[in-house]
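The following questions and answers invite the reader to examine a structure step by step. Please keep the sequence and the model in view while reading.

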Amino acid sequence: MSRYVAAEIEAKWQNAWAGAESFKAVRDESKPKYYVLEMFPYPSGKLHMGHVRNYTMGDVVARYKISTGHNVLHPMGFDAFGMPAENAAMASGGHPKDWTYSNIDTMVDQMKPLGLSLDWSRMFATCDPEYYGQQQALFLDMLDSDLVYRKNAVVNWDPVDMTVLANEQVENGRGWRSGALVERRELTQWFFKISDMSEELLSALDTLENWPAKVRLMQENWIGKSRGLQFSFERTDGAEPITVYTTRPDTLMGASFVGISPDHPIAKALEADNPEVADFIAECRKGGTTEEAIETGEKLGLDTGIRVKHPLNPDWELPVWIANFILMDYGTGAIFACPAHDQRDLDFCRKYDLPVVDTFLALDDPKPVENEAFVPPKTEKVKWLNHFAGLDVATGEEAIAATIGKAESEGWGTGVTKYRLRDWGLSRQRYWGCPIPVVHCEKCGVVPEKKENLPIELPYDEGGKPIDFSVPGNPLDRHPTWRDCACPSCGAPAQRETDTMDTFVDSSWYFARFTAPRATTPTDMAEAEYWMNVDQYIGGIEHAILHLLYSRFFARAMHITGHLPAKSKEPFDALFTQGMVTHAIFQTTGDNGRPVYHYPADVEDRDGKTVLKTTGEAVEVIPSAKMSKSKNNVVDPVDIITSYGADTARWFVLSDSPPERDVEWTASGAEAAYKHLNRVWNLCDKIGAMDPDAKGQGDEDLLREMHKAIRDVTLGVESFGFNASIAKLYAFTNVLAKSKAGAAAQKQAIMTLAQLMSPMTPHLAEDIWAHQGGEGLIINAPWPVADEAMLVEANVTLPIQINGKRRGEISVPADMTKEEVEKLVLAHEAVTRALDGAQPKKLIVVPGRIVNVVI
RNA sequence: GCCCGCGUGGUGGAAUGGUAGACACAGGGGACUUAAAAUCCCUAGGCCGAGAGGCCGUGCCGGUUCGAGUCCGGCCGCGGGUACCA
């Protein structure tokens, strides 16, 4: 008997696929195409189990589609710009470029043994000048089409390191290196006009039927369409009125104050000559720029002394406050506060002793607001107090509509639609990104670079010496020569833009580039026309909003600029979001009270308790934590492949959890997967050794089970139920192992089993196929089809419930009529006993499923 | 804070509103073996019962339904996102 040696067969079949160019994607109009794409990785330098799971899922889809006659495009690349490369250079010297390319080499070496059906000839990294040069060309076309512009925007500023910080570099309001309190600072930056497409990006979500509903919902909320009223408050000092936008104009009679953003023009004007306001605004500028920091931070306000008139009652004056939670980016940067029906406004008013006026009360419990704002759903009827549009009992929705109508007819306000979605700021004050291809000329201003000068490459050195990344800030900004250039327009000495692009730009069009990765234009329309759209996109739920929304915007922009066909405005036909790979954390408490994390290899179970191998100290086990280097709970796929083989790793990451959920990596689970593959191997060996003419019993039973397996496994693969497919494969393997059927039936069964396993464990499948004398490669064999006639069941088991509780069962022919079933049920012993001569109140027969007797 | 998910045996999980716990791991028992490993067989939610069987049970509280893990409302806990992490 032979032994299952994964390393041997895996290398053998990977060579066979390479030799046959099985995965090289070539445009072929005679075949239906299928483009499957997994979100490409950041080259961190180490492949982790999450990658293995992600790519294995894509591989299952790709191989299945090849078997069903599709011309498959399954490419891979690297999202290679970004901060970790610069951080590494800062921490340990070296160059971001060297670090990145060396990591890419390592990761490719780690990925290849997985046996993925990738067309490696299409590989690229976004930091290849060949790629980012085309991205610069795209940028110029977008500039030309008025999709890009410049404006001021705030960044996190570290006043000690004198550098811009990313949000993740701000820890509790302080810079991660300097520890200095971070400030908000304004810079002139580049923006994509994504907000112009708000309505289009929102309404097109309805067409994305094969996207998870939760992703569409998240994007809908993110775009945040709202209908409200825009109107102005007259100032008592006669100065320019203050325009506000509100989604709850119905609560205008409960207005307590008018609030403006610290970045509002009025606030800025006061800042210049009022030291108290200047101090307050300086205070507001402390802290980070994130929505979370602003929303959870302490709410601060300052009375400006300005007074405005209530639009419905000129005798009613309201104070104008500057409040740190009002965003200049949303609406008009000014609001009116109605504390009775907004918790944040209420907290603010209680803190600063401002009035709280109820505008409506609950019908069932009409008591005034104290310290909890009354915020019922807008669809709930409430009792209005003194409503200016004459309402008494009405819902919020009705009141809003009536208010907008009244304001418009009286001419003091306008109903407007607004979106929460802001324009996409793409400027980054960093080195390791795609340079923005524009030039600043004293005479001509901002001038686009000429396309023939692209790519504008990043400089590797500065003045013949390696760039010093230990100095904070942007090396491009202080580079002695790189900035200097001739103005593309007038030829005078000018300076390059030193901002680089947000790395989300890189990942917003790579899927299009894969269709023609070496083209000398961003895309090749003939190739894009054939290969687009991505039929199945697979990646993490963490990208539900930004990456996917930006890609949807970019696809539209690329259509406008002539780089993608109209059909690609929505580039991803189907989306699947997979869960993470998790692993238990083993922790003890150190002398200083801080947790100490232990590697899985350093702990063991003794008498049902988890302890340290060395000392026997009890270890706390935290299950299902995201794998993280700092928690010492990372399992290296390379180790798994070395000990068990790629097929085992692939089988395991698919087997235990539904793909959309997290999967817990356990050593015993991997061991079990390996054992099972051995079992299949041995089964193949045993069947191969049978006398080909040997007869047996139960041929038909075996083949019926085989056809059921074909049906169930296929359904699982098509619906991303890989764990269900694998459960069925386990069950069918058990049936086959116990079968006494003849040699011919068993051989047919094992070959079909190999085919059904081939998307998950392709190497083992090829080997079984070859061993059983299958023709050619299994990857080229057509997918098996279930024979409907073999799937029909003659009898069904119907559980009998009495008042919803299972009390017995009957077995009946599948086609038995309802009436006959009822008769049998009423005669059933459990039913007669429960009825005790009485008539049932109700008898429910669900054909083929269940019977319920209500007594 | 806000938006979106998730929560089922000792463990990972299965279950178009229709027999809760498929399939697997760990466990227990057994076969084979001088022994061990490997392999194979049986068992297995909890409680009560000799058994037949009964009661309880899908994070918590309530609702809809002949019937709820599944649908609805309210909580609790965990995870993702929150526009410069990718």
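**Reading a predicted model**

Q: Is Asn172 buried or exposed?
A: In this predicted model, Asn172 has a relative accessible area of 80%. The cut-off for an exposed residue is over 50%. Therefore Asn172 is exposed.

Q: Where is Asn172 found, and what is its phi near?
A: Asn172 is in the loop between β5 (170–171) and β6 (174–175). Its phi is positive, although Asn172 is a residue other than glycine. The value is near 50°.

Q: Is Phe720 buried or exposed?
A: Phe720 is found in the loop between α21 (699–718) and α22 (722–738), and its phi is near 60°, a positive value in a residue other than glycine. Its relative accessible area is 9%, and the cut-off for a buried residue is under 20%. Therefore Phe720 is buried.

Q: Which residues touch the most other members of the largest nonpolar core?
A: The largest nonpolar core has 157 residues. One of those that touch the most other members is Phe554, which, beyond its neighbours within four places in sequence, is in contact with residues including Leu138, Trp424 and Trp509. The complete set is Phe139, Phe192, Tyr510 and Phe554.

Q: Which strands are at the edges of the open sheet of four strands?
A: The order of the sheet is β4-β3-β7-β18, with antiparallel pairing. Three bridges join β3 (residues 148–158) to β4, and Trp157 stands opposite Val164 in β4. An edge strand pairs on one side only, and the two edge strands are β4 (163–165) and β18 (424–425).

Q: What is the omega of the cis peptide bond from Leu454 to Pro455 near?
A: Pro455 has its place in the loop between β21 (445–448) and β22 (461–462). The bond from Leu454 to Pro455 is cis, and its omega is near -5°.

Q: How many residues surround RNA strand B?
A: The closest include Asp79, Arg428 and Asn852. By class, the surface near the strand has 23 nonpolar, 17 polar and 22 charged residues. The number of residues that surround RNA strand B is 62.

Q: How far is a base oxygen of RNA strand B from an N or O atom in the side chain of Asn852?
A: Of the strand's atoms within 4 Å of the protein, 61% belong to sugar or phosphate and the rest to bases. A backbone N or O atom of Arg420 lies 3.1 Å from a base nitrogen of the strand. For the side chain of Asn852 and a base oxygen, the distance is 2.6 Å.

Notes. Residues numbered from 1 in each chain as written. Chains lettered and ligands numbered in written order. Predicted model: local features only at pLDDT ≥ 70, side-chain atom pairs only at ≥ 80, totals over all residues. Heavy atoms only, no water. Core = buried A, V, L, I, M, F, W, Y, C linked by side-chain atoms within 4.5 Å. Buried < 20%, exposed > 50% of the residue type's maximum accessible area, 1.4 Å probe, protein only. Contact = heavy atoms within 4.5 Å. Near = heavy atom within 4 Å. Polar contact = N/O pair within 3.5 Å; in protein donor to acceptor, adjacent residues only side chain to side chain. Nonpolar A, V, L, I, M, F, W, Y, C, P; charged D, E, K, R; others polar. Pairing = 2+ DSSP bridges.
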